[in-house]
Amino acid sequence: MNTPLPIIAIAGPTASGKTAGALALAAVLAPRLPVEIISVDSALVYRGMDIGTAKPTRAELAAVPHHLIDIRDPLQAYSAAEFVQDAERLIAEIRARGALPLLVGGTMLYFKALFDGIDDMPPADPAVRARLEAQAFDQGWPALHAELARVDPATAARLAPADSQRIQRALEVWHVSGQPISHFHTTKKRATSADSISATALFSLEPEDRAWLHERIARRFDAMLAEGFVDEVRQLRARGDLHPDLPSMRCVGYRQAWEALGPGAPLDLAGLRERGIAATRQLAKRQITWLRSMPHRHTIACDQPDATARLVQAVLHRLERTEHGAP
């Protein structure tokens with residue numbers, strides 16, 4: 001292709017077939033255009049979390065170059081700002097190699113940060129965060145929520161008194177900057193260059209029948225349990241340095257398994273299955289809501305038998321238009 005390669009993005013809720021679609025597209029394009037996949041998934045960044053994240057298999061990872069998988073230890077955090085920085089760099093490097101950057105995943109915050117920019121707010125301050133955690137231990141998170149209501153009522157109004165993660169971050173921003181976090185939500189900085197944004201084609205896999213997705217989610221969670229998901233989380237707990245408030249352990253499925261493996265009562269596998277599937281359904285619902293706020297997306301009904309073929313054809317059509325200079 002003589003014209004600049006576009007950025008192709010494949011998004012969708014969990015269990016909608018994103019990986020299969022991306023690999024099928026890469027196979028079709030292979031004879032004339034190499035493809036490299038950039039993972040847009042906040043759970044796939046963690047090493048040692050393979051089963052519960054439905055991480056691509058070794059064969060799948062070997063078939064197409066993948067990026068932003070297994071780049072963090074579960075003890076570490078990985079922010080949307082870090083994703084944008086990494087994705088921007090990778091997009092430029094992949095294009096320089098004459099390959100097509102293919103963004104694939106379901107972390108909609110990452111997509112939104114890449115497309116729309118990110119809040120230019122202060123970075124995390126470990127000392128302030130530790131002080132807030134100690135205060136919460138003594139007084140409870142509802143007391144910190146009340147404190148937040150005094151300094152940032154707009155943010156407190158949309159947070160539950162037990163939403164420890166967001167309450168902590170909002171108070172941290174207030175203590176570090178003297179400004180409410182809602183102030184930074186109104187002043188976004190451009191995270192991606194305008195030409196990259198305009199060259200992005202977003203294809204969204206969304207079910208017409210939500211029951212189809214629910215069934216897929218249940219089948220996949222059952223498969224994870226059969227593959228040893230509980231043992232995977234048991235090994236993570238056995239490390240001794242992880243705890244349930246870490247972003248990695250708050251991932252859907254891992255949070256429920258961590259709680260199920262707690263001391264005291266024996267493992268309730270049926271209860272874990274029920275809670276894990278319910279939490280995954282809620283995640284899928286939030287993902288679909290995010291997607292519906294992105295009007296520039298091209299929607300593919302993922303519950304149709306020919307969904308993968310339709311996705312491939314839609315992307316090929318987009319590439320042909322680019323090749324002929326069409327917007």
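Q: Is Y110 buried or exposed in this model?
A: The model is a predicted one, in which local features need pLDDT of at least 70 and side-chain atom pairs count only at pLDDT 80 or more, while totals for chains, interfaces and linings use all residues. Residues are numbered from 1 along each chain as its sequence is written, and side-chain values use heavy atoms, with hydrogens and water left out. A residue is called buried under 20% relative accessible area, exposed over 50% and partly exposed in between, with a 1.4 Å probe and protein chains only. Because its relative accessibility is 4%, Y110 counts as buried.

Q: How many aromatic pairs does the structure hold?
A: Rings of Phe, Tyr and Trp (its six-membered ring) pair if their centres lie within 6.5 Å, and planes under 30 degrees apart count as stacked, over 60 as edge-to-face and the rest as tilted. For the whole structure, the number of aromatic pairs is 5.

Q: Which arrangement do the rings of Y78 and Y110 adopt, and why?
A: A pair of aromatic rings is described by the distance of the centres and the angle of the planes. For Y78 and Y110 the centres are 6.2 Å apart and the planes stand at 75°, so the arrangement is edge-to-face.

Q: How many residues apart are Y78 and Y110?
A: Helices (H or I, at least four residues) and strands (E, at least two) are DSSP runs, numbered from the N terminus. Y78 belongs to the loop between β3 (66–67) and α3 (80–96), whereas Y110 belongs to helix α4 (residues 108–116). The pair therefore links distant parts of the chain, and the separation of Y78 and Y110 in residues is 32.

Q: At what angle do the ring planes of F221 and F229 stand?
A: The ring centres of F221 and F229 are 6.1 Å apart, and the pair is edge-to-face. F221 counts as buried because its relative accessibility is 4%, and F229 counts as buried because its relative accessibility is 1%. The angle between the two ring planes is 80°.

Q: Which residue joins Y78 and Y110 in one aromatic cluster?
A: Y78 counts as buried because its relative accessibility is 9%. The residue that completes the aromatic cluster with Y78 and Y110 is F83.

Q: Over the ring of which residue does the charged end of R237 sit?
A: A charge sits over a ring if NZ of Lys or CZ of Arg is within 6 Å of the ring centre and within 35 degrees of the ring normal. The charged end of R237 lies 4.6 Å from the centre of a ring, and that ring belongs to W258.

Q: What is the nearest side chain of opposite charge to E147?
A: E147 lies in helix α6 (residues 141–151) and, not counting residues up to four places away in sequence, touches Q135, L171 and H175 (contact meaning heavy atoms within 4.5 Å). Lys and Arg count as positive and Asp and Glu as negative, while His and the chain ends are not counted. A salt bridge requires a side-chain nitrogen of Lys or Arg within 4 Å of a carboxyl oxygen of Asp or Glu. E147 is buried yet has no salt bridge, and at 4.6 Å its nearest side chain of opposite charge is R150.

Q: With which residue does E172 form a salt bridge?
A: The partner lies with E172 in helix α8 (residues 164–177), 3 residues apart, about one turn of the helix. E172 and its partner are both buried. With the closest N and O atoms 3.0 Å apart, the partner of E172 is R169.

Q: What is the N to O distance between the side chains of R219 and E215?
A: R219 and E215 both lie in helix α11, 4 residues apart, about one turn of the helix. R219 counts as partly exposed because its relative accessible area is 48%, and E215 is likewise partly exposed because its relative accessible area is 46%. Their side chains meet in a salt bridge, with an N to O distance of 3.1 Å.

Q: How far does helix α14 reach from its first C-alpha to its last?
A: Helix α14 (residues 269–292) has 24 residues, and its buried residues include L272, I277, I288 and L291. The expected span of a helix is 1.5 Å times one less than its number of residues. For α14 the expected value is 34 Å, and close to this, the reach is 35 Å.
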